[in-house]
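Colleague: I would like to learn how to read the local features of a model such as this one, taking them one at a time. Could we have the structure in view before we begin?

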Amino acid sequence: MSLPPVLYHFFPTPLPYARTLALQEQLHAIQLARRKTSSHQDYLLLLQHRPVYTTGRRQIATSPEVQAEEERLKRIGADFVTTQRGGQLTYHGPGQIVGYPLLDLGRNRPVIHSRDYICRMQKMLELHLLEEHGIETMRTEHTGVFLNPHSKVASIGVQVRHRLTSHGFSLNVTEEPKAWFDRVVACGLDDVRAGCIADATKKNPDTVTVDGEIPSLLERFSRLYERDVQRIDLNEDDEVGSLIRNLEMEARDAGAWLKAPLGQ
């Protein structure tokens, strides 16, 4: 692989969504500035979030419907954040891997276009489920990965600006996210419920963990995007390393999070 490696970091403690969104914006600005001298890097952030519901750019944050939904979901113990990613309302939280690739699509020759970028992401998730867990998935008219027409295990919502990507994918690993998903119509799909790897794996479901999925997911990411992946050396780049360390410290200081929605 002739392109430079994608630098990845896995955050061990669930992160607050708004601060993680700010980190993406800070890294995006660093990439834009350094691209002028061809010294920019590509990144892959792998993490879990503290319980949060997020909306995509299709939904207007100031509409009465969205404001009422925000108030309702905050009452059950989750954060609520509006974003500029694609897609509609969804949930992120512990027990779910979230991946934020921050890639310069212009590095590739030919250039990777947005649709191809999303298709590779979907194929990466499908291959991970099949090769690591023996889970057969199915294609539908909707973006994302489905176990059957009524069970969705992974979602995709991205943003591309100046050929630089942000946001990304989420993959339900354990059963913990399911109770939170049951409180909303996720992605606008009334007849679809959340599935997870632990429910469908051919392995012992008690052995399925978020941490355990990371190595295999990295291998499939490398294969589908035709890029080597390498752990970020937080001491090599003081600017990026400081941003990541500060967010990890905030996550630890935030303390415990709710394991299930209030009112269960």
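**Reading backbone, strands and spaces**

Modeller: Let us begin in the loop between strand 6 (96-102) and helix 3, which is where Pro110 lies. Please keep in mind throughout that this is a predicted model.

Colleague: What is the peptide bond from Arg109 to Pro110, cis or trans?

Modeller: The angle to read is omega, and for the bond that leads from Arg109 into Pro110 omega is near 0°, so that the bond is cis by definition of the model's geometry.Colleague: Which residues other than glycine have a positive phi, and where do they lie?

Modeller: Two cases can be read side by side. Arg163, in the loop between strand 8 and strand 9, has a positive phi of about 70° although it is not a glycine, while His167, which is found in strand 9, has a positive phi near 55°.

Colleague: Are Arg163 and His167 buried or exposed?

Modeller: The idea is to compare the relative accessible area with a cut-off, and a residue counts as buried when the value is under 20%. His167 has a relative accessible area of 2% and is therefore buried, whereas Arg163, with 43%, is partly exposed.

Colleague: How should I read the two faces of a strand, taking strand 3 as the case?

Modeller: The general idea is that in a regular strand the side chains alternate between the two faces of the sheet. In strand 3 (residues 52-55), Val52 and Thr54 are on one side and Tyr53 and Thr55 on the other, and all of them are buried, which leaves both faces covered.

Colleague: In which sense does strand 3 pair with strand 4, parallel or antiparallel, and in which sense with strand 5?

Modeller: One reads the sense of each pairing separately, together with the bridges that make it up. Strand 3 and strand 4 (residues 79-82) pair in the parallel sense over four bridges, and strand 3 and strand 5 pair in the antiparallel sense over three bridges. Thr54 can be followed into both pairings, for its bridge partner in strand 4 is Val81, and in strand 5 Thr54 stands opposite Thr90.

Colleague: What do strand 7 and strand 8 form?

Modeller: Here one looks at the pairing and at the residues that connect the two strands. Strand 7 (residues 145-148) and strand 8 pair in the antiparallel sense over three bridges, and they form a hairpin with two residues between them. Within this pairing, the bridge partner of Phe146 in strand 8 is Lys152.

Colleague: What surrounds His92?

Modeller: For a single residue, one reads its place, its accessibility and then its contacts. His92 is in strand 5 (residues 90-92), and because its relative accessibility is 7%, it counts as buried. Leaving aside neighbours within four places in sequence, His92 is in contact with Tyr17, His49, Arg50, Pro51, Val52, Thr54, Val98 and Ser170; Val52 and Thr54 among these lie on one side of strand 3. The side chain of His92 also makes a polar contact, at 2.9 Å, with the side chain of Gln96.

Colleague: Which residues does His128 touch, by the same way of reading?

Modeller: His128 has its place in helix 3 (residues 114-133), and its relative accessibility of 0% is why it counts as buried. Not counting residues up to four places away in sequence, His128 touches His133, Leu171, Glu213, Ser216, Leu217 and Arg220.

Colleague: How many cavities of 30 Å³ or more are counted, and which residues line the largest cavity?

Modeller: A cavity is read by its volume and then by its lining, and the count here comes to one cavity of 30 Å³ or more. The largest cavity has a volume of about 50 Å³, and its lining consists of Leu103, Asp104, Leu105, Asn108, Ile112, Tyr225 and Arg227. By class, this lining has four nonpolar, one polar and two charged residues.

Colleague: Which strands supply the lining of the second largest pocket?

Modeller: A pocket can be read in the same order, beginning with its space, which for the second largest pocket is about 210 Å³. Of the 18 residues that line it, the closest to the centre are Phe181, Ala186, Val192, Arg193 and Ala194. Strand 8 (151-161), strand 9 (164-172) and strand 10 (193-194) each supply at least two residues of this lining, and the largest share, four residues, comes from strand 8. By class, the lining of the second largest pocket divides into 10 nonpolar, four polar and four charged residues.

Technical notes. Residues numbered from 1 in each chain as written. Predicted model: local features only at pLDDT ≥ 70, side-chain atom pairs only at ≥ 80, totals over all residues. Heavy atoms only, no water. 1 Å grid on protein atoms, 1.4 Å probe; cavity = no way out; pocket = protein on both sides within 12 Å on 5 of 7 lines; lining within 4 Å. Points joined across faces, edges and corners; volume = space filled by probe spheres on them. Nonpolar A, V, L, I, M, F, W, Y, C, P; charged D, E, K, R; others polar. Buried < 20%, exposed > 50% of the residue type's maximum accessible area, 1.4 Å probe, protein only. Contact = heavy atoms within 4.5 Å. Polar contact = N/O pair within 3.5 Å; in protein donor to acceptor, adjacent residues only side chain to side chain. Pairing = 2+ DSSP bridges.
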